[in-house]
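Me: I'd like a close look at one part of this model, the loop that holds the residue with the unusual backbone angle. Could you start there and then work outward to whatever surrounds it in the chain?

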Amino acid sequence: MTTIDASRPIDLASRPDNYLTHTRGFLSWALTLDHKRIGVMYMAAVLVSFFVGGVFALLVRTELLTPGQTIPGVTADVYNQFFTLHGAIMVFLVIIPSIPAALGNFVLPIMLGAKDVAFPRLNLGSFYLWLAGAAFTLVSLAMGGFDTGWTFYTPYSTTTTTGGVIPVLFGVFILGFSSIFTGMNFVVTVHKLRPPGMTWFRMPLFLWAIYATAIIQVLATPVLAITLMLVVIERTINIGIFDPSMGGDPVLFQHFFWFYSHPAVYIMILPAMGIISELISVHAHRHIFGYKFIALSSIAIAIFSFLVWGHHMFTSGQSPLMNTLFSLISFSVAIPSAVKVFNWLTTLYKGNISLTTPMWYALSFMVLFTIGGLTGIHLATLNTDVHLHDTYFVVAHFHYVMMGSALIGMIGGLHHWWPKMTGKMYSEKLGTAACIIIFIGFNVTFFTQFYLGAKGMPRRYYDYLPEYQTYHVISTIGSYIMASGFFLTAYCLLSSLYSGRKAAANPWGGGSLEWQCTSPPPHDNFAVQPSVGDCYDFRALRWDETTQGYVNDPALAAEAARNPLH
Amino acid sequence: MAHGTAHDSKHEPHPLVGHLVPMWILFAVGGALLVLTAITVAVRYIDVGEFNMVIALGVAVIKATLVALFFMHLKWDRPFNLLTFVGSMVFVILMMAFCMMDTAQYRPTQFVGNPPEVEATLQANAPGAPVARYTPYSP
Amino acid sequence: MSTLHTSQATAHEAHGHDAHGHGDHAKYPFLQHHFDTPAHQFDSAKLGMWLFLATEVLFFGGLFVAYAVLRSRFPEVFSYASHYLDTLMGGVNTCVLILSSLTMALAVRFAQTNRTKAMVWCLVLTFMGAVGFMVIKYFEYSHKIHEHLVWGKSFYVPPPDQAGAEEAKVISTAPAPAPVALTVANPAAPSVASLVSTPPVEASAIKPAAAAPGGLASVREQATAEGLPVADNDPAFAHPSMHLADPKMPANTHLFFAIYYCMTGLHGIHVLAGMVMLAWLIWRGARGDFNSNYFTPVDVGGLYWHIVDLVWIFLFPLFYLIH
Ligand SMILES: [Cu+2]
C-alpha cells in the first residue's frame with residue numbers, strides 16, 4: 001500500500017498489516033528475514049549496549065572526581081578494565097553497527113524502493129554474529145575481563161595477566177564479520193536492487209553515505225580480523241611477529257590496527273553525515289544544496305580514509321618520512337568533510353526551518369562535528385601532536401567526532417525515522433529538551449577535556465595531580481547532565497510507544513521513498529513499485545491537518561513540474 | 001551476457017545465466033598453470049640475483065591472472081566484479097607499500113639480532129654459531 | 001517528486017514493471033521474491049561473492065604484509081630457512097590444487113550444460129584434490145614439528161627424546177624445566193653438541209623418520225646440489241633440532257617459521273572450509289538441485305575454491321622457492 005490519498009485519513013487500525021503485526025510470536029522475530037525487523041532488533045541490541053557502555057563511562061568519570069581512589073573498591077586495575085570496557089563496547093558493539101546495521105537496515109531498502117536487502121538470510125546471520133560477538137564479550141568478563149584498552153596494543157595485550165583478552169579478541173573478530181556481511185549486503189543491494197528510475201544520482205544522500213561506508217566495511221574490517229587473530233596466536237603460542245624481543249615489530253601491529261581503525265572512524269561518521277544530509281534538507285524544507293558534491297565527497301572520504309592511518313602513530317616510533325606523509329594526507333581529509341558542512345549550511349540558508357527534534361540534533365551535529373574536525377587538525381600537525389598525543393585533548397577530540405557527531409547523528413536519525421519505525425509520534429517538547437540537555441552536557445564534559453589535555457593530563461590515568469581536579473569535576477558533572485539527557489530521550493521515545501499520537505505516513509515532509517509507504521511500513525514495503533523522482537524537491541508537498549502529516553498535492557505537483565529545478 | 005563460442009553453442013543448451021567457457025580453454029589454462037609451476041620451480045635453481053624473486057612473483061601473477069580470468073570467468077564477467085577484485089589487491093599493495101616504507105626507515109637501528117636469551121641458548125648449545133649483532137634501539 | 005497521489009487503481013497499473021517478475025517467479029521456484037529474473041539473482045549472488053573474495057584478499061593481505069615486512073628485515077633468514085621446506089611436496093601440492101581448480105571449473109561448465117552426473121564427479125574430484133592437499137600438508141607439518149622447525153622459542157628447544165637413554169636420564173633428573181631459555185641453557189640438559197656425538201647406531205635408527213616423505217633428507221640433497229658444504233652424515237640435516245647446531249643459521253630464523261605456519265595454516269583452514277562446502281555441493285548436486293538455469297551455489301562455491309588456489313599460487317614461491 002503506497003498511495004497517499006489526501007482525502008482518506010490514515011488509520012492504522014483499519015490496516016493491520018504492517019511489518020510489526022504481519023506475523024506474531026517470538027520465533028517470527030527470531031527467524032525473520034525482514035530487513036525492518038532485523039533493523040529494529042539491531043536497534044534494540046545496540047541501545048542496550050549503549051546503556052551498558054554508558055554506565056562504564058559514568059563509572060570512569062565518577063572515579064576521576066578526586067585524585068586517587070574515589071569509588072570504594074575501584075582500584076587502578078579495575079579502573080583500567082572500566083575504561084577498556086567503555087571503549088570496546090562503545091566502538092565495536094554500539095557505534096559501528098548503530099547506523100549501518102540498525103538504521104541502515106531499516107531504511108535502506110525502503111529508501112531505495114526495494115523489497116528487501118539482497119541477501120536477507122545473510123542479514124539475519126550478521127545479526128546473530130553480532131549477538132555472538134556480544135556473548136563473547138560477556139564470556140570475557142566472566143573470565144576476568146581485559147584491560148588492554150580498546151586498541152589491544154601489543155606487547156601489553158599479549159602479556160597482560162587479565163584472563164578475558166582472548167575471548168574478547170574472538171568477540172571483536174566475530175563482530176567484524178557481522179559488519180563485513182552487512183557491508184556486502186548493502187553494496188549488492190544498492191548495485192542490484194535499485195528499481196527502474198532510481199539512478200545513482202537520484203539516490204538519497206543517506207544511501208550514498210551507507211554505500212561508501214559499506215565499501216570501507218568490506219575492505220578494512222578483514223585486516224582487523226587477521227590482526228586480532230595474530231594477537232591471539234601471539235598470546236597463546238608466542239610466535240613473535242609483534243614481539244620486539246623475538247625480532248618482531250610492535251609498530252607493525254599498530255599499522256595493522258589503524259589500517260582498519262582509522263577507516264572505522266569513517267564507518268562511524270560517514271553514515272551520520274548521510275543522516276544529517278537528510279535531516280537538514282527535510283526539516284528545512286529546502287532542496288539540498290550541492291547534492292553531487294555531498295554524494296561524491298562520501299566516496300572521496302571513503303577512499304582517503306585508507307591513506308591516513310599513520311596519524312595515530314606519530315609518537316610510536318614510526319619513521320619521520322611516514323609521519324610527514326601521513327600528516328600531509330590527513331590534512332587533506334578536511335576538504336571533503338568541509339564540502340559537506342558548507343553544503344549543509346547553504347541548505348539551511350533561506351530554508352524554511354522547522355525546529356523539530358531531528359533538526360535540533362542536526363544543528364548539534366554541525367557544531368560538534370566542526371569542533372571535533374578542527375581539533376583533528378591540531379592532532380594531524382606533527383609538532384603539536386607530540387605534545388597532545390595520549391592526553392585528554394585526544395580523548396576530547398575523538399569524543400566530539402565519535403560521540404558528538406556519529407552518535408548524535410544516530411540519535412537524530414532515530415528521532416527522524418521513529419514515526420516510520422513505530423508508527424507513533426513522540427513529544428516534540430521532551431525530545432527537544434533532551435537534545436538541548438545532551439548538547440550542553442556533552443560540551444561541559446568534553447570541552448573541559450581539551451583544556452585538561454592541553455595542560456598535559458594524560459589519558460587513561462587513574463590518578464592525577466590536584467591542580468587538574470577542578471576540570472575533572474566539571475567534566476564529571478557534564479557527564480551527569482548528558483546522562484540525564486539520554487534518560488529523558490529514552491523516556492520520550494519509550495513513552496511514545498504507549499501514549500504517542502499515531503504517525504502519518506509523512507510527518508516531516510520528506511521526499512524520499514520511505515515516506516511514501518505507511519507508518520509503519522507494510523511487510524514487503526511496497527505493494528506497488530513507487531515512482532522515483534527528485535527526493536529533495538519538496539514543492540509538491542502540502543501540510544494536511546486531518547492526517548497531521550504532509551501529503552502530495554496534485555496542483556502543487558503540476559506547478560512544480562512546470563518549473564523544473566534544474 | 002551469456003555467449004558460448006560458435007563451437008560450443010551449436011550442440012549445447014544456451015545457458016540462461018552465466019558464461020559458458022569452452023572446454024578447450026579450461027584445459028589449456030590448466031595445462032598452462034602446470035607448465036608455469038614447472039618453470040617457477042626450475043628458476044629457483046638458477047641464480048639471477050634479485051631477479052629470482054621478480055621472476056617467481058611474475059610467474060605467480062601470471063598464474064593468478066589466468067585463474068581469475070578464465071576459471072573465475074572474470075574475462076566475461078561484469079566489470080565491477082573485476083574492479084572489486086583488483087581494487088582489493090590495490091589496497092593490500094597500498095598497505096604493504098606504506099608499511100615497507102616505514103620499516104625500511106628504521107631497520108638499521110633495530111631488530112638485527114636474536115633475542116638475548118635465545119642468543120645465550122644458542123651460544124651454550126652451538127658454540128660455533130656466530131654472535132648475533134644485537135643492537136638495541138637508539139633513536 | 002513522486003506523482004503517486006492518485007487512487008489505488010492507477011497505482012495498480014503502475015505495476016507493469018513487476019509483471020515480468022511474477023511470471024519468472026512462477027516459472028523458477030528458486031527465484032527469491034526480491035529478484036526479478038534468474039539472471040538478476042545470479043548477478044547479485046556473484047557480486048556478493050566477489051565482495052566476499054575481496055575481504056578474503058585483505059584477510060590474507062594482512063599476513064602478506066607481515067611477510068613482506070619480515071622478509072625485508074631479515075632477507076638472510078628467508079633465504080636460509082626456505083631450504084628446510086620441501087619443494088617437492090610444495091610443488092606436488094601446487095599441482096594438486098591447480099588440478100582441483102580445473103575440475104571445479106569443469107563442474108561449473110557441466111552444471112551449465114545440464115550434465116549433472118559429470119558435474120557431481122568433477123566436484124568429487126575437486127574434493128579428492130582438497131583431501132590430497134591436506135594429507136600432504138599433514139605430512140609436511142608433522143615432519144617439521146618433529147624436527148622442531150616451529151615458531152617462537154620452541155624453535156630453540158633441543159628435543160629431549162632423541163638423545164639416547166643416558167641423556168634421557170639426565171633430563172629426568174634435571175631441574176624442572178621452567179622458562180624455555182633456562183632449560184636449554186641449563187648445563188645439565190643435553191647440549192646440541194652432545195647430540196652431534198650421538199653414537200651412529202642411534203643416528204641410523206632415526207634415519208627412516210628423516211627420510212620420510214621428502215623432508216630434510218631432500219633438503220640435504222638440495223644443499224649438496226647447490227654446493228653448500230654438507231658432510232655426508234652432517235647431522236644438521238638428519239636429526240631433530242639439528243638446526244640449532246648449524247653455525248650458518250642467521251638470527252631470528254624462528255620468524256620464518258612463525259609466518260610460514262600462520263599463512264599456510266590460515267590457507268589450510270580455508271581448504272578445510274572448502275571441503276565442507278564441496279561436500280555440501282556434492283550432496284545437493286546428487287540430489288539434482290542444479291541445472292543450467294540454477295547453479296549459483298556451484299558457481300560461487302567455485303569462485304571460493306579458485307581463490308584458495310590463487311592464494312596458494314603466491315604462497316608456494318614465497319616460501320618454498322626462495323633462492
Ligand atoms: Cu584516524
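Reply: Sure, with the reminder that this is a predicted model. The residue you're after is A:Asn238, and it sits in the loop between H7 and H8 of chain A. Its phi is near 50°, a positive value in a residue other than glycine. That stands out because most residues other than glycine have a negative phi.

Now for the helices on either side of that loop. Helix H7 covers 205-237 and helix H8 covers 250-283, and both are on the list of elements that give two or more residues to the side of chain A that touches chain B. The list also has helix H6 (165-192) and helix H10 (320-348) of chain A. Overall, 29 residues of chain A are in contact with 14 residues of chain B. The two chains bury about 1900 Å² between them, with 76% of that on carbon and sulfur atoms. On the chain A side, A:Leu219, A:Phe259 and A:Met322 lose the most area to chain B, and together they make up 20% of what that side buries.

What about polar chemistry across this interface? The count of salt bridges between chain A and chain B is zero, while two residue pairs are in polar contact, both at pLDDT 80 or more. Sorted by class, the side of chain A that touches chain B has 19 nonpolar, eight polar and two charged residues.

As for the partner, chain B is divided into domain 1 (19-76) and domain 2 (78-108). The centres of domain 1 and domain 2 of chain B, taken over C-alpha atoms, are separated by 21 Å.

Back to H8, which has a metal ligand to offer too. The protein donors of the copper ion are A:His262 through ND1, plus A:His311 and A:His312 through NE2, lying 1.8 to 2.0 Å from the ion. Their spacing in sequence reads H-x48-H-H. A:His262 lies in helix H8 of chain A and A:His311 in the loop between helix H9 (291-304) and H10, so this pair ties together parts that are 49 residues apart in sequence.

While we're on backbone oddities, chain A has a couple of cis peptide bonds to look at. One joins A:Thr154 and A:Pro155, with omega about 0°, and A:Pro155 lies in the loop between helix H4 (120-142) and helix H5 (156-159) of chain A. Another joins A:Ser519 and A:Pro520, with omega about -10°; A:Pro520 lies in the loop between strand S2 (501-502) and strand S3 (541-544) of chain A.

Definitions and conventions. Residues numbered from 1 in each chain as written. Chains lettered and ligands numbered in written order. Predicted model: local features only at pLDDT ≥ 70, side-chain atom pairs only at ≥ 80, totals over all residues. Heavy atoms only, no water. Domains from an automatic or database assignment. Contact = heavy atoms within 4.5 Å. Buried area = accessible area lost by both parts, 1.4 Å probe. Salt bridge = Lys/Arg side-chain N within 4 Å of Asp/Glu carboxyl O. Polar contact = N/O pair within 3.5 Å; in protein donor to acceptor, adjacent residues only side chain to side chain. Helix = DSSP H or I, 4+ residues; strand = E, 2+ residues; numbered from the N terminus. Nonpolar A, V, L, I, M, F, W, Y, C, P; charged D, E, K, R; others polar. Donors = N, O, S within 2.8 Å, 3.2 Å for Na, K, Ca; no water.
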